[in-house]
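Reader: I should like to learn how to read the features of a model such as this one. Please take me through them in turn.

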Amino acid sequence: MHHMRKISIILIAALILVLIPISVNAEDDQPDFAALFEGAIILYLGSPNAVDDLSDRMIDEDNFNVTPFAYKSRTLVPIRFIGESLGANVNWNDKTSTVTIQGKSRLIKMKLGSTQMSVNGTVKKLDVPAQFTKGRLFVPLRAISEAFGKQVFYDRGVIVINDSVTLNPVKDRNIIDYLIFTLKPYHKDPYNGRTLTTEQLAVMDQSVVLLESFDRNGLSTGFGSAFAVGYGLFLTNYHVVNDASSYQIVTQQDRYYGVEGIVAVDPEADLALVKTAMRTNVPPLHIGSSKSLAKGQSIMTIGNPEGYQNTISTGIISGFRQNGASPIIQITAPITHGSSGGPLLNMKGEVVGVTSMGVEDSGNLNFATPIDLFKKWNAGNGSIPFANIAVLDQSQFEEPDNEDGSSPDPSESPAPSPAPESPSTLPSKNVHVLNRIVSEAELDPVKPIVYLSDDTQSQIVAYNYEEEKEVSVSSRFDKPIRKMTYANGELFVILSDAEFSSFRFDGDQGGTIAVLDPITLKLKDQWRTRVDPYDLAVDKSNHVYIASGSGQWTFILSFDRATHEEISSRSIRNASYITLHPFEDKIYTVDTDSSPRDIQVYKIENGLFTDSYDSPYHGDYSFTTSIGITPDGKYLLNGFGGIFTATNQKTTNMKYFSKIDPFDFMAGDPAHPETFFTSRQSTVHQYDSESLNKTRTINTNGTIIQIAVVNHRFIALTKVSIPGVSAPKYALEVLDLN
């Protein structure tokens, strides 16, 4: 899991640049935040939150009332937390009311109520006496510098303890503002059992968080909403946490918490309870009852639609339905991607449901799970100490290795065609072992050439699979090669200035579109793009389409190849894969970081985006990040095995049609639209485009990384094991389909 994202200062480094106005000549004065706060303890007056050596902490996970406070114009801080954060042992003698702090080179003693402390036998005077309150011993802030030899900075309630503090209250005002924003305590809970105004209810958004999930490789697989039902316990939808290996929680205050695991689930009711690795002070919402709800009753929802964190929507209850065996509440407040798992509140601020799904293109149909279903299966957790709350084995929720997770199939859908009884394996003579580490392969549509991206050398290599040799190599690029495509006699390559990040927004992004001569692999042309290029497509009219990999809600752009002019742009979820329809009148996309995942279409005309909309489904199908279009242009396929119509009518476009075996990659040859191929691990299936029946099964010698079809040749980039060689090798496996 991305545990590094729990550190507040990294987030500050990513976001503070948005807040700080940069003068023309001040570029060299911008601070290195990690260096500035490395080893520092950062506190805030009245807050239980802290940052210790770049990591989020609670001052006392068992007592949220332990916070720095003011007394007689002096600031008092908890000595145990600070002493232990600085690597010292802190011991309290109840008989003598004395605290002893033993560090590497310091022995500090303080007596409750005394205005003196001893540091290595030397007596030092305190401004105010040490006090025992809120169950902990507090000492004046200045005593920290005296006792530990540290520098102490204080401004507007922000306390920084470090070896050398270089903050300036005037020059670094924006940094201090953001530290206040990050560390400030939560609002007083407005719940009083009476009807509240919408403005009063809105304060309850402090209890709603964004829940992000990750796969086995630590890559984001999507996000949804969740809300606190206990300190460190968050309720969400089952479909938000399913098919993932780990999770993290992001609060409205931009605090990151790792998730220890899932405490309980009810898949039928679409509910899941998760526990954070550390007990948080996010205030729990008040759990009400769904039994007394009535049609027409006013409600409020809070969620993260499309990543817009803690968005509030109002509406009414419009009906009560059944979803299989489970009851659901129909509401008018909109539920869209990222809102799943948020609270449905009545006007008293009581949780009466968990928002679960919305049906787009079907009127204002939005649904929530009654909260009483949660109360039934969660009985008892509230009485167990936080540390003793057990979590379930995560392996049962991880993304499946070989089979479809659970996407529902309409009863009229035909079953997948059975595979041939004896699938053939590509002969070893068809395997071309490469002495390179390769992540991308692109076929020449005419010549027997495969263009390969060498990840070690940051070069493009042209490999002739008939002659079994490399025929040309490009110069080295100064940035990693993200993707390439062959179009109109040229090889297009995209390069991003930096690694993709959901927190690098407009103005901080940038990249390059490079065009190479496919024969010599020499650079013919290049131009800059204002986004971090993640995926690309090029049509026959030389319009170049680029989707950004950073910035959450970002842009898909179109360019004129000849003039480099940006023609058009539309909003898109960052790190979305794009695929150009064979008729070149639309682009289909699939996002990679939202939950539930979704597919979308962008209509195009002469390089202009004329319309865009997503599928009519929301959690109905377990979409994977693999998409493709059959060569005849009739169907859009997704990796869970779903077949969807690809039409020009919104009412029939992206509608579920049928199902084939799950796959990782899909490929087809526009010159032969009668067939297409899919692959999963080392198994390849060939299908008839008209009947959707499986016609052939082939096994490759290695694990497939990418597949392509051209000139009646099937080519797979694989990773193979060589006898006598411990490390696997990258290879091209070629099959003549004639």
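Reader: How many cavities of 30 Å³ or more does a search of the whole structure find?

Author: This is a predicted model. The search over the whole structure yields three cavities of 30 Å³ or more. The largest cavity has a volume of about 60 Å³, and the second largest holds about 40 Å³ of space.

Reader: Which elements give two or more residues to the lining of the largest cavity?

Author: They are strand 30 (438-443), strand 54 (703-710) and strand 55 (713-720). The lining includes Leu-443, Gln-706 and Ile-715. By class, eight of its residues are nonpolar, one is polar and one is charged.

Reader: What lines the second largest cavity?

Author: Among the lining residues are Phe-37, Val-160 and Asn-162. Helix 2 (33-37) and strand 14 each contribute at least two residues. This lining has five nonpolar, three polar and no charged residues.

Reader: Strand 14 also belongs to a sheet. What is the order of the strands there?

Author: In general, strands of a sheet pair through backbone hydrogen bonds, either parallel or antiparallel. Here five strands form an open sheet in the order 3-2-1-14-13, with antiparallel pairing. Strand 3 (55-58) and strand 13 (151-155) are the edges, each pairing on one side only. Between strand 1 (residues 41-44) and strand 14 (residues 158-162) there are four bridges, and Leu-43 stands opposite Ile-159.

Reader: Which helix packs on the sheet?

Author: Helix 5 (residues 173-183) does, touching strand 1, strand 2 (49-52), strand 13 and strand 14. The direction of helix 5 makes about 75° with that of strand 1.

How values were computed
Residues are numbered from 1 along each chain as its sequence is written. This is a predicted model: local features need pLDDT of at least 70, side-chain atom pairs count only at pLDDT 80 or more; totals for chains, interfaces and linings use all residues. Side-chain values use heavy atoms; hydrogens and water are left out. Two strands pair if DSSP finds at least two bridges between them. Contact means heavy atoms within 4.5 Å. Axes are lines fitted to C-alpha atoms, for helices over the stretch in contact, and angles run from 0 to 180 degrees between N-to-C directions. On a 1 Å grid over the protein atoms alone, a cavity is a set of points where a 1.4 Å probe fits but cannot get out, and a pocket is an open set with protein on both sides within 12 Å along at least five of seven lines; lining residues have an atom within 4 Å of a point. Grid points are joined across faces, edges and corners, and a volume is the space filled by probe spheres set on the points. Ala, Val, Leu, Ile, Met, Phe, Trp, Tyr, Cys and Pro count as nonpolar, Asp, Glu, Lys and Arg as charged, and the others, Gly among them, as polar.
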